[in-house]
Amino acid sequence: WEHDEDGPRRAAVEVLAAIVERGDPVAIEEVVKRLDHAEHKVRRAAVDALCVIAEVGDPCAVNAILRRTKHEDIFVRRFAIRALPQVAGRGCREALEAVTALVADDNELVRQAAEDAYQLLKHDGSAYEDEVQQRIG
């Protein structure tokens, strides 16, 4: 992963996702490091890889994705939001709180991704989700 070009790094993340065991903490840690890469394609590949290699609810993966929902780059926020249902899983309160906050984002693509993610994350019947549903309409 020490290449100067982004293409090999992106390919390395994609290959890693294909060959490691799901839940491998070393692999997850390495992929999380790539979430802050300068090249957006590498960041996107890292998000995709986390969706494949992390167990649903893995705290390291969930926290890493949640941090990216507050990123200044709209594409980083959008990729993170779209990954939350796969990484966090249905009913994850922290993920629900994150997407609820992003329903009011300045960017329409981020807002739509947040609304879509909310539908995938909600676990019908909780009082918290009823409250959130009232807020987002």
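User: Where do I start? What pattern does the chain follow, read along the sequence?

Analyst: Start with the order of the elements. In this predicted model, the chain goes α-α-α-α-α-α-α-α along the sequence. Counted up, that's 8 helices and 0 strands.

User: Okay, let's pick one helix. How many residues does H3 have, and what does it reach from its first C-alpha to its last?

Analyst: H3 covers residues 40-53, so to speak a run of 14 residues. Its reach is 20 Å, close to the 20 Å expected at 1.5 Å a residue.

User: And how do I think about which way its residues point?

Analyst: An α-helix has 3.6 residues a turn, so residues three or four places apart point the same way. Now look at H3: its buried residues include Val-42, Ala-46, Ala-49 and Ile-53. Arg-43, Val-47 and Leu-50 are also among the buried ones.

User: What share of the chain's residues is buried?

Analyst: Buried means under 20% relative accessible area. Here that applies to 43% of the 137 residues.

User: Now cavities. How many of 30 Å³ or more does the structure hold?

Analyst: There's 1. The largest cavity has a volume of about 50 Å³.

User: Which helices supply its lining?

Analyst: H3, H4 (59-68) and H5 (74-88) each give at least two residues. H5 has the largest share, with 3. Arg-43 and Val-47, both buried in H3, are among the lining residues, along with Phe-79 and Arg-68.

User: What classes of residue make up that lining?

Analyst: It has 6 nonpolar, no polar and 2 charged residues.

Conventions
Residues numbered from 1 in each chain as written. Predicted model: local features only at pLDDT ≥ 70, side-chain atom pairs only at ≥ 80, totals over all residues. Heavy atoms only, no water. Helix = DSSP H or I, 4+ residues; strand = E, 2+ residues; numbered from the N terminus. Expected span 1.5 Å × (residues − 1). Buried < 20%, exposed > 50% of the residue type's maximum accessible area, 1.4 Å probe, protein only. 1 Å grid on protein atoms, 1.4 Å probe; cavity = no way out; pocket = protein on both sides within 12 Å on 5 of 7 lines; lining within 4 Å. Points joined across faces, edges and corners; volume = space filled by probe spheres on them. Nonpolar A, V, L, I, M, F, W, Y, C, P; charged D, E, K, R; others polar.
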